[in-house]
2 protein chains.
Amino acid sequence: MNIRHIAKQAGVSVATVSRVLNHPENVAPKTREKIEKIIAETEYTPNWFARGLNFNKTGTIGLMIPHILNSVHMEIAKGVEDVAHQKEYIALMCNVEHDAAKEKRYLDQLIKRRVDGIIFICSSLEKKDFQLVQEQKIPVVLIGEHKNSLGLHVVSIDCKQSAKKAVNHLLESGHEKIAMLYGTEPQIENEYKMAGYKQALKEAELPFVRDYLREVENTIEGGYLGAKKLAELADPPRAIFASSDYIAFGAMDAIKDKGLKIPDDMAVMGFDNVRMSNLVEPKLTTVEVPLHKMGVYGARLLFDIIEGEEEPETEPKTILLQSKLKIRKSSGHKERIGEMF
Amino acid sequence: MNIRHIAKQAGVSVATVSRVLNHPENVAPKTREKIEKIIAETEYTPNWFARGLNFNKTGTIGLMIPHILNSVHMEIAKGVEDVAHQKEYIALMCNVEHDAAKEKRYLDQLIKRRVDGIIFICSSLEKKDFQLVQEQKIPVVLIGEHKNSLGLHVVSIDCKQSAKKAVNHLLESGHEKIAMLYGTEPQIENEYKMAGYKQALKEAELPFVRDYLREVENTIEGGYLGAKKLAELADPPRAIFASSDYIAFGAMDAIKDKGLKIPDDMAVMGFDNVRMSNLVEPKLTTVEVPLHKMGVYGARLLFDIIEGEEEPETEPKTILLQSKLKIRKSSGHKERIGEMF
DNA sequence: CTGAAAGCGCTAACAG
DNA sequence: CTGTTAGCGCTTTCAG
């Protein structure tokens, strides 16, 4: 069923049918109605490839997701999908699994498929890969901090400041021996969080203890293992700042398994404020990150560029959103203030 | 940069270039190498639309996901993506949000884009929608039980039996007043789970109490609200069987808020065995569902059909996978048996 | 307002 | 082994 069938049935040329599809205003109402009727009856839909061949517009954006089983990333993805769907675009979600090679492979696919734009969530790609995309004039937006973001639009929070805020809260709650469990992935954001941790300690004039800083897999299991090691130290810390809630969940489990009490023996602080963080026991103090909003803002920015509102040569934008402390029981704050801020 | 540029640079015809791309064995080694070199240098990639126009094969499958923030669905999706990626296919993941209209919209898109196959996870579509797809000769696999699956390949567990098994466990643990909280979505599977619940009661010759059966949103919040109502009943149940772990999590939270002890005052049983289910307190007894495996099997089945191993007119297959009880503390089993089975 | 025809980039049958 | 050429289905000038 193609445009010629329709044309024949309507007794017009293919050009006319094409017109009612693309510029209906240039067709006489009578012929237009006739053609529209036939189109409806036959449920004809123009061949997508033929269309793409002419337009080089696909109504598709690419979305790189570090890991589709991590609800932090999926919250962001949901934000992107929400606006994409509303704009009648479709988002090709790519499950990158924190693997630069896989991300690169997906990137090639996306370029090949001529997507109209790409959003990277916490990408692990390097500058030269992004340049590849820019050469193709494909608009790009990064969500999450990135070292190589120069020249690219970015939507993010300030990881370093947020981490600092978190550690400061632990300090204010009376802790001095504070450890940090930071995830291997996403690498760059966690480096910034680590920097925030170190700076907070420094400003408090506390020594930096090498043993208190551990890299772990960014999973519940990673957190479990990391906290276990910390608890087994000769001089164990009294508080743990985890770079993600998942790590914190694992840490809490390990602490309990060691027979220690949270927060009395060891306090825990997470990062992200995923839905489960106030269902574990004790409820987890954490840093609330506006995940969904980041996705929405990122997508809006991308569509502004795609739809040409934004001049392509304009200065790249960096949108920095605010994080907030969510104070709950796990951090052992002195007063019971519920959820501050 | 198109095939003609390459042909010109190599001093050959476009046909020859096309050949080295598609049937390199039919090209003289010398010319082939020359052309391959130029292709590599110029980083030429054939226009995807032009290709699709000729082949009507896209290297893409559609994947309908009820809700991308629900890790149960995403585990399945991950299974699908794993095999798709390995087969060098790309999966268009569609976030349906339990909304039949949105699912239909996505379906139209997928058909328009000529995907090579579609996998539906717990679809809410009706028979006639599936017929639409079958008319287009697009292979389809359903993951999750479905009333209208006749004539379609299905990969699933037996929800009714699994639910029955769950309720039986509660019965064996000494409970008699057992309530059920079932999620609005995915509708059909939950109907089957409910049937299992009813049958288990019947076989135990226990009365069915209308108030003990509540429909709630399939979320933590839904579970919270539902359990709260149950706890406020004049004659409250002593155990709750939830149709999903998320509902169970919410229920546990509500029970605790009411000042009741789990499992002594009220036992809780979930369904799915999501990662968090042994991190809540007490650890949640639940039904383990082989989510990832379901995705893998579904995808394999689909690719068998796509790649023609499976004759299109063959009898539709139904692959039923096994669920298992995961017995933990929340159900209040008499003996401490750890995680049975 | 409508039709004829060129062309988008690629593939494959056909001839050589 | 390679080139010519006719499509694939659609859009869009250009004439009329």
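Which backbone atom type of A:Asn47, N or O, or either, lies 2.9 Å from a phosphate oxygen of DNA strand D? In this view a backbone N or O atom of A:Asn47 is placed at that distance, 2.9 Å, from a phosphate oxygen of the strand.

**View 1. Polar contacts to the phosphates of DNA strand D.** This is a predicted model, in which local features need pLDDT of at least 70 and side-chain atom pairs count only at pLDDT 80 or more, while totals for chains, interfaces and linings use all residues; side-chain values use heavy atoms, with hydrogens and water left out. Residues are numbered from 1 along each chain as its sequence is written, and chains are lettered from A and ligands numbered from 1 in the order in which they are written. On chain A, a polar side-chain atom of A:Tyr44 lies 2.3 Å from a phosphate oxygen of DNA strand D. On chain B, an N or O atom in the side chain of B:Thr16 is 2.5 Å from a phosphate oxygen of this strand.

**View 2. The protein surface near DNA strand D.** The strand is surrounded by 27 residues, a residue being near if one of its heavy atoms lies within 4 Å, and the closest are A:Ile3, A:Tyr44, B:Thr16, B:Arg19 and B:Thr31. Of the atoms of DNA strand D that come within 4 Å of the protein, sugar and phosphate account for 65%. Helix α4(A) gives the most to this surface, with five residues, where helices are DSSP runs (H or I, at least four residues) and strands are runs of E (at least two), numbered from the N terminus.

**View 3. The two copies and their axis.** Chain B can be laid on chain A with an RMSD of 0.1 Å by a turn of 180 degrees and a shift of 0.0 Å along the axis, the superposition being by least squares on C-alpha atoms of residues with pLDDT of at least 70 in both. The copies are thus related as by a two-fold rotation axis. In chain B, the C-alpha nearest the axis belongs to B:Phe49, 2.3 Å from it.

**View 4. Helix α6 of chain B and its ends.** Helix α6(B), residues 100–112, has 13 residues and reaches 18 Å from its first C-alpha to its last. Its buried residues (under 20% relative accessible area, 1.4 Å probe, protein chains only) include B:Tyr106, B:Leu107 and B:Leu110. At the N-terminal end, B:Asp99 caps the helix, with a side-chain oxygen 2.8 Å from the backbone nitrogen of B:Ala101. Just after the helix, B:Arg114 takes a positive phi of about 55 degrees.

Notes. A polar contact is a pair of N or O atoms within 3.5 Å; within protein, one must be able to donate a hydrogen and the other to accept it, and residues adjacent in sequence count only if both atoms are side-chain atoms. The expected span of a helix is 1.5 Å times one less than its number of residues. Buried means under 20% relative accessible area, exposed over 50%, partly exposed in between (1.4 Å probe, protein chains only).
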